[in-house]
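Here is a briefing on one protein chain. Please look over the sequence and the fold before reading the points below.

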Amino acid sequence: MDFGVTGKSGEYCPAEQYRKNAAGKSGGVSFAELAAAKAVRQSDESEMSFRDMWQARFPGAYYNVMDTSRIDGSLWGRNDYPWDKYFSNHADDSVLDWKPSGAEPAMLDSRVQAKINSTIGRKSVVVPPKLEEKMKNDPELARRVMAKVEGFIAEQDIMNPNPRKGYLIALDENGDIAHTCVTSEGMSVSSAEFIEARKAREEKHAEYERLAEESALKRRLMEQTRQVISYGEG
């Protein structure tokens with residue numbers, strides 16, 4: 001287990017139907033046809049809410065509107081935290097105030113393993129009320145948040161290619177990923193570890209940018225020095 005982080009039901013998305021029609025043609029699909037399909041898909045998405053995009057991209061995925069900001073990361077990352085309760089479209093608010101009743105059970109504890117198994121192959125997202133309201137009034141924000149969620153899932157799939165995984169992603173009111181729980185058979189990484197790993201990558205990237213800026217500054221100073229010397233010699 002890892003703790004990290006269509007059209008509407010019964011309908012065909014026009015872009016999806018277009019791709020099906022194109023696939024049924026003899027021969028290849030032209031660039032113009034692919035571009036047209038992409039344009040139709042983007043047009044459809046511009047009319048979709050975040051919830052519609054989420055459930056269209058991942059049919060059967062769960063969606064809850066709850067504010068998980070008061071949940072401490074150390075509690076979320078415990079083996080006995082009831083993150084399995086979020087795999088429902090009507091999660092009980094009691095998960096927001098959960099407190100441990102004793103020592104943390106081991107990962108191989110039968111109760112922990114039962115929770116893991118109950119989430120395998122399922123996906124759930126938790127959206128704070130404030131963020132949902134923002135996205136209703138800002139479709140572009142909804143698309144950006146969806147891109148973040150899809151990016152996280154894609155990143156996890158690269159890190160762990162096991163297709164049998166479960167995803168729970170809790171967002172903050174700005175649309176960033178606050179908590180995650182990614183379950184897979186025989187594997188576990190905490191939400192805090194995911195956040196720390198991403199923070200380390202961001203810090204390393206910032207350090208590379210700082211060094212590159214310093215190097216560019218040194219080159220400019222050396223060039224200016226050469227120009228001054230050249231002018232003096234002339």
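Are Phe50 and Tyr63 buried or exposed? Both Phe50 and Tyr63 are buried. The model is a predicted one. The protein chain has 234 residues, and 35% of them count as buried. The points below take up the fold, the aromatic pairs, the nonpolar cores and a few loop residues.

**Overall fold**

- The protein chain holds 8 helices and 4 strands.
- Read from the N terminus, the order of elements is α-α-α-β-α-α-β-α-α-β-β-α.
- The accessible surface of the protein chain is about 14000 Å². Carbon and sulfur atoms account for 53% of that surface.

**Aromatic pairs**

- The whole structure contains 7 aromatic pairs.
- Phe50 and Tyr63 make a tilted pair, because their planes stand at 50° and their ring centres lie 6.3 Å apart. Tilted covers plane angles that are neither under 30 degrees nor over 60.
- This pair links distant parts of the chain. Phe50 belongs to helix α3 (residues 50–57) and Tyr63 to strand β1 (residues 62–65), with their positions 13 residues apart in sequence.
- Phe152 and Tyr167 also pair, with ring centres 6.3 Å apart. Their planes are at 85°, so this pair is edge-to-face.
- Phe152 sits in helix α7 (residues 139–159) and Tyr167 in strand β3 (residues 165–171), so the pair ties together parts 15 residues apart in sequence.
- Phe152 counts as buried because its relative accessibility is 0%. Tyr167 has a relative accessible area of 2%, so Tyr167 is buried too.
- One aromatic cluster is formed by Trp76, Tyr81, Tyr86 and Trp98.
- The ring of Trp83 has a charge over it: the charged end of Lys115, 4.5 Å from the ring centre.

**Tyr167 and its surroundings**

- Tyr167 lies in strand β3.
- Setting aside neighbours up to four places away in sequence, Tyr167 contacts Phe87, Arg122, Lys123, Ser124, Phe152, Ile153, Gln156, Asp157, Cys181 and Val182.
- Tyr167 and Gly121 stand 46 residues apart in sequence, yet their C-alpha atoms are 8.0 Å apart.

**Nonpolar cores**

- The largest nonpolar core has 24 residues. Phe50, Trp54 and Leu171 have the most contacts inside it.
- Elements α3, β2 (123–127), α6 (129–137), α7, β3 and β4 (177–184) each give two or more residues to this core.
- The biggest share comes from α7, with 7 residues.
- Another core, of 19 residues, lies apart from this one. Its members include Leu75, Trp76, Tyr81 and Leu96.
- Trp76 and Tyr81 thus appear in two groupings: they belong to the aromatic cluster, and they are among the residues of the 19-residue core.
- Leu171 touches Phe50, Thr68, Val125, Val126, Val127, Pro128, Leu131, Val145, Val149, Asp176, Ile177 and Ala178, leaving out residues up to four places away in sequence.

**Loop between α4 and α5**

- Asn79 is found in this loop, between α4 and α5. Asp80 is found there as well, with α4 spanning 73–76 and α5 spanning 110–119.
- Asn79 is buried, because its relative accessible area is 9%.
- A polar atom of the Asn79 side chain lies 2.9 Å from the backbone oxygen of Pro105.
- Asn79 and Leu108 are 29 residues apart in sequence. Their C-alpha atoms are 9.6 Å apart in space.
- The side chains of Asp80 and Arg78 make a polar contact at 2.9 Å.
- Beyond residues up to four places away in sequence, Asp80 touches Trp98, Pro100, Ala103, Glu104, Pro105 and Lys115.
- Pro105 therefore recurs here, with its backbone oxygen by the Asn79 side chain and as a contact of Asp80.

**Loop between α7 and β3**

- Arg164 is placed in the loop between α7 and β3.
- Its relative accessible area is 44%, so Arg164 is partly exposed.
- Leaving out neighbours within four places in sequence, Arg164 is in contact with Ile120, Thr183, Ser184 and Glu185.
- Arg164 and Thr119 are 45 residues apart in sequence and 9.7 Å apart in space, C-alpha to C-alpha.

How values were computed: Residues numbered from 1 in each chain as written. Predicted model: local features only at pLDDT ≥ 70, side-chain atom pairs only at ≥ 80, totals over all residues. Heavy atoms only, no water. Polar contact = N/O pair within 3.5 Å; in protein donor to acceptor, adjacent residues only side chain to side chain. Contact = heavy atoms within 4.5 Å. Phe/Tyr/Trp six-rings, centres within 6.5 Å; stacked < 30°, edge-to-face > 60°. Buried < 20%, exposed > 50% of the residue type's maximum accessible area, 1.4 Å probe, protein only. Lys NZ or Arg CZ within 6 Å of the ring centre and 35° of its normal. Areas by Shrake-Rupley, 256 points an atom, 1.4 Å probe, with all protein chains shown as cover. Core = buried A, V, L, I, M, F, W, Y, C linked by side-chain atoms within 4.5 Å.
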